[in-house]
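Let's take a walk through this one together, looking at how some of its side chains meet. Have the view ready to turn as we go.

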Amino acid sequence: MAKVIAVANQKGGVGKTTTSVNLAASMAATKRKVLLIDLDPQGNATMGSGVDKYEVPKTSYELLVDEEPIQELVVHETSGGYDLLAANSDVTAAEIKLMEFFAREVRLRNALEPVRDQYDYIFIDCPPSLNMLTVNAMAAADSVLVPMQCEYYALEGLTALMDTISKLASVVNPNLKIEGILRTMFDPRNRLAADVASQLKQHFGEKVYRTVIPRNVRLAEAPSFGKPAMYYDKTSNGAKAYLALAGEIIRRQESSQTVAAS
């Protein structure tokens, strides 16, 4: 069964989509079968995967609102070697339409059931707000990966996010947990960044990934070419960092499975 990871943070501009796309590509490069679900109406993960959001025939709107089978909606040809459920501005309407439905919080969870055994990992790129789309992602996920910049306001926002995740877990998904906290756009020369990183480790311990994503020009350029960084410039520090993150997540999962088995 696939491990379902929601990539979420209520704060915008922290690297959620960059992380979703590059982590999906890195996992696919390790021969894992990966599905990336774009739930953000901006459709940036779709474009970053080499798929034109303006031309894609169907999106996560059809999955959530019309309940069309996910197998018929997935795009198999992406620049990152993973499968994609695309998004565009139509998904904004999905958030509104969902309010009309009974059990609206679990429509994504129910939609994923038929394909969970076909993938190793399913990543969900969430919008930068706590709306019905994000609630669906949290209800469907096993865990939440939180990308964040090492700055003061991000640290403050993280506390609010943890509270939100805790409340959602109690209502829609009692098994939901924090997968990990990922430091993004990190500049080691910045004293504040180092201080915040230290505070993160003090508060969250092992939940903070050892892997740090650096501030990297190639990571920023890659989406405009419709490619994950490893297919745009595999020698870049950004591409190497996401490969390292994929390895860290795999090792953590294997370790936890070993502990559970014993």
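A good place to start is Arg107, which lies over the face of Phe101, 4.0 Å from the ring centre. Keep in mind that this is a predicted model.

From there, on to rings that meet rings. There are two aromatic pairs here. One of them joins Tyr121 and Phe123, stacked with 5.9 Å from centre to centre and 5 degrees between the planes. Tyr121 counts as buried at 4% relative accessibility, and Phe123 is buried too, with a relative accessible area of 0%. Then look at Phe225 and Tyr232, which are also stacked, at 4.8 Å centre to centre and with 25 degrees between the planes. Tyr232 has 26% relative accessibility, so it counts as partly exposed.

Now for the charges: the count comes to 13 salt bridges. Take Lys33 and Asp83, whose side chains meet at 3.5 Å, N to O. That pair ties together distant parts of the chain, 50 residues apart: Lys33 is in the loop between helix 1 (16–29) and strand 2 (34–38), while Asp83 is in strand 3 (residues 83–85). Asp83 is buried because its relative accessible area of 5% falls under 20%, whereas Lys33 is partly exposed at 38%.

Another salt bridge brings Arg218 and Asp233 together at 2.9 Å, N to O. Here Arg218 belongs to helix 9 (residues 217–221), and Asp233 sits in the loop between helix 10 (229–232) and helix 11 (237–261), 15 residues apart. Arg218 is partly exposed at 33%; Asp233, at 19%, counts as buried.

Finally, find Lys3, Lys177 and Glu179, which are linked in a network of salt bridges.

Key:
Residues are numbered from 1 along each chain as its sequence is written. This is a predicted model: local features need pLDDT of at least 70, side-chain atom pairs count only at pLDDT 80 or more; totals for chains, interfaces and linings use all residues. Side-chain values use heavy atoms; hydrogens and water are left out. Rings of Phe, Tyr and Trp (its six-membered ring) pair if their centres lie within 6.5 Å; planes under 30 degrees apart count as stacked, over 60 as edge-to-face and the rest as tilted. Buried means under 20% relative accessible area, exposed over 50%, partly exposed in between (1.4 Å probe, protein chains only). A charge sits over a ring if NZ of Lys or CZ of Arg is within 6 Å of the ring centre and within 35 degrees of the ring normal. A salt bridge is a side-chain nitrogen of Lys or Arg within 4 Å of a carboxyl oxygen of Asp or Glu. Helices (H or I, at least four residues) and strands (E, at least two) are DSSP runs, numbered from the N terminus.
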